Amino acid sequence: MTTPPAHELDVDAALAQLCDGLTQITGTLDLPLAQAAGAVLAQDLRSPLDLPAFDNAAMDGYAVRHADLAACATLREVGRSYAGHGHTGTVEPGTCVRIMTGAPLPAGADTVVMLENVETSDGQVRVRTTPPSGANIRRRGEHIARGDVVLTAGTQLSGVEIALAASVGCAQIAVRRRLRVGVLSTGDELADPPQPLGAAASYDANRPLLLAACTRLGFDVVDLGICGDCGSDFSATLDRAFDAGCDALVISGGAAKGDADIVRQAGGVAFVPLNLRPGRGLAHARLRRDAQSMLLLGLPGNVVAAYVMFHRVARPALLHLAGALARPLPRLRAPLSAPASVRGGQIHYRRARLDGQGRVELLRDQSSAMLLGLTEADCLIELGPATQYDAGALVNVIPLGLLG
């Protein structure tokens with residue numbers, strides 16, 4: 001097995017270096033729940049109530065006294081219980097109440113017989129199959145008890161967490177202020193549509209990609225446009241980022257060692273070499289202006305390399321800065337559909353598709369500058385540090401739907 005160069009860090013070591021001593025943003029606010037998607041929870045959320053709030057039916061059927069089922073196979077229906085409209089009477093011996101899923105369990109009943117296990121005629125209900133005592137009932141507090149922590153501080157709120165908060169009666173929720181992230185591309189060759197392209201120019205795809213990724217993460221995003229390969233222009237752009245109140249600045253291009261790579265030439269910027277490909281590392285700095293601080297992250301200029309580096313390194317660093325709990329990207333394990341080889345010593349992220357048999361098939365074009373492959377892929381796979389992989393070898397798979 002080929003080992004990586006001694007100076008190259010793996011992702012975990014790089015993140016530890018980036019986040020060491022990095023002060024998370026401060027400031028909290030109460031938001032209406034409907035506006036909290038993507039925000040980071042500022043404090044533990046405890047439930048003020050039991051969930052369910054009362055014993056209720058888990059199935060459509062009949063609420064009965066289990067003791068009656070042994071002595072009497074036929075019961076008399078005396079009422080109905082619906083969700084939101086419970087039966088107010090009591091289930092006496094020899095009687096039952098027709099009940100719908102989610103409806104309150106009537107007094108006196110201790111079991112629900114499923115609808116398909118009874119026969120009915122003229123108000124008489126014959127139980128064909130006797131369930132265990134207590135069957136098909138959701139008990140009060142069995143899901144969440146009053147006082148339980150249902151969401152932990154640092155949780156980034158998605159639709160599921162917002163639904164859970166709503167289910168325990170939360171209308172407003174205490175969150176951290178949103179991380180403010182500036183996004184910038186560098187390069188004299190770049191232009192934005194519909195500007196006409198010069199002979200050596202190209203349209204900027206990196207910035208739209210990174211703006212969309214940061215927006216999806218729930219950040220407050222500032223589009224800082226394109227900066228040419230001029231040190232004074234870059235210094236002016238840093239001032240604009242500070243003026244906009246950015247907590248972080250994500251830059252694509254200008255982070256290598258070329259003559260025109262203005263990010264690396266700026267004061268206080270260091271380069272973190274990484275053992276992942278595409279992309280050999282990223283530039284970073286902790287910039288200050290008076291009382292303001294700003295984390296600078298410089299990504300590669302090739303669009304696929306920028307995409308991989310953002311999601312593997314910049315994304316967790318930004319979430320840490322935002323105060324979110326660290327959660328690694330979910331991975332699946334799947335077999336390769338064909339043999340594969342890579343240069344040893346690094347972790348290579350290759351674009352691939354899952355086939356109908358659950359195998360991953362590498363796409364033909366793996367150039368780090370070719371964006372089309374990301375639209376054709378549905379996953380990234382990790383290869384390395386080994387050099388050769390046989391067909392059927394299990395590899396880590398990151399579904400692209402999780403990244404955006």
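Helix α4 is followed by Gly-218, a residue whose phi is positive, near 90°. This glycine belongs to a predicted model of a protein with eight helices and 28 strands. The radius of gyration is 29 Å, well over the 22 Å that the globule rule gives for 404 residues, so the protein is more spread out than a compact globule. The points below begin with the helix before Gly-218, then turn to the whole chain and to single residues.

**Helix α4**

- Helix α4 covers residues 206-216.
- Its buried residues are Asn-206, Arg-207, Leu-209, Leu-210, Leu-211, Ala-213 and Cys-214.
- These buried residues pack against four strands and one helix: β13 (180-186), β16 (220-227), β17 (248-252), β21 (292-299) and α7 (303-321).

**The whole protein**

- The C-alpha trace spans about 90 × 55 × 45 Å along the principal axes of the protein.
- Of the 404 residues, 46% are buried.
- Counting contacts between residues at least 6 apart in sequence, 70% join residues that are at least 24 apart.
- The protein has an accessible surface of about 19100 Å², and carbon and sulfur atoms account for 52% of that surface.
- There are 36 positive and 40 negative charges, and the mean positions of the two groups are 3 Å apart.

**Thr-111, a residue in a strand**

- Thr-111 is found in strand β7, which consists of residues 111-114.
- Is Thr-111 buried or exposed? Its relative accessible area is 0%, and therefore Thr-111 is buried; the cut-off for buried is under 20%.
- A polar atom of the Thr-111 side chain lies 2.9 Å from the backbone nitrogen of Gly-134.
- Gly-134 is also one of the residues that Thr-111 touches when those up to four places away in sequence are not counted.
- The other residues on that list are Tyr-62, Ala-63, Val-64, His-66, Pro-131, Pro-132, Ser-133, Ala-135 and Ile-137.

**Two alanines in loops**

- Ala-377 sits in the loop between α8 (372-376) and β26 (379-383).
- With a relative accessible area of 8%, Ala-377 is buried.
- Leaving out residues up to four places away in sequence, Ala-377 touches Arg-351, Ala-352, Arg-353, Leu-363 and Leu-400.
- Ala-377 and Leu-105 are 272 residues apart along the chain, and their C-alpha atoms are separated by 51 Å.
- Ala-393 sits in the loop between β27 (388-389) and β28 (394-399).
- The relative accessibility of Ala-393 is 22%, so this alanine counts as partly exposed.
- Which residues are in contact with Ala-393, leaving aside its neighbours within four places in sequence? They are Ala-334, Pro-335 and Leu-336.
- From Ala-393 to Arg-177 the distance is 45 Å, C-alpha to C-alpha, and the two residues are 216 apart in sequence.

**Cis peptide bonds**

- Leu-51 and Pro-52 are joined by a cis peptide bond, with omega at about -5°.
- Pro-52 belongs to the loop between β2 (45-46) and β3 (56-57).
- Another cis peptide bond runs from Gly-384 to Pro-385, and here omega is near 5°.
- Pro-385 is in the loop between β26 and β27.

**Positive phi in residues other than glycine**

- Asp-122 is not a glycine, yet its phi is positive, at about 50°.
- Where is Asp-122? It lies in the loop between β8 (118-121) and β9 (124-127).
- Asp-122 has a relative accessibility of 79% and therefore counts as exposed; the cut-off for exposed is over 50%.
- Asp-290 is also a residue other than glycine with a positive phi, near 55°.
- The loop that holds Asp-290 lies between β20 (281-289) and β21.
- Strand β21 is among the elements that the buried residues of α4 pack against.
- At 75% relative accessibility, Asp-290 counts as exposed.

Conventions. Residues numbered from 1 in each chain as written. Predicted model: local features only at pLDDT ≥ 70, side-chain atom pairs only at ≥ 80, totals over all residues. Heavy atoms only, no water. Rg over C-alpha atoms; globule rule 2.2 N^0.38 Å. Buried < 20%, exposed > 50% of the residue type's maximum accessible area, 1.4 Å probe, protein only. Contact = heavy atoms within 4.5 Å. Areas by Shrake-Rupley, 256 points an atom, 1.4 Å probe, with all protein chains shown as cover. Lys, Arg positive; Asp, Glu negative; His and termini not counted. Charge placed at Lys NZ, Arg CZ, Asp CG, Glu CD. Polar contact = N/O pair within 3.5 Å; in protein donor to acceptor, adjacent residues only side chain to side chain.
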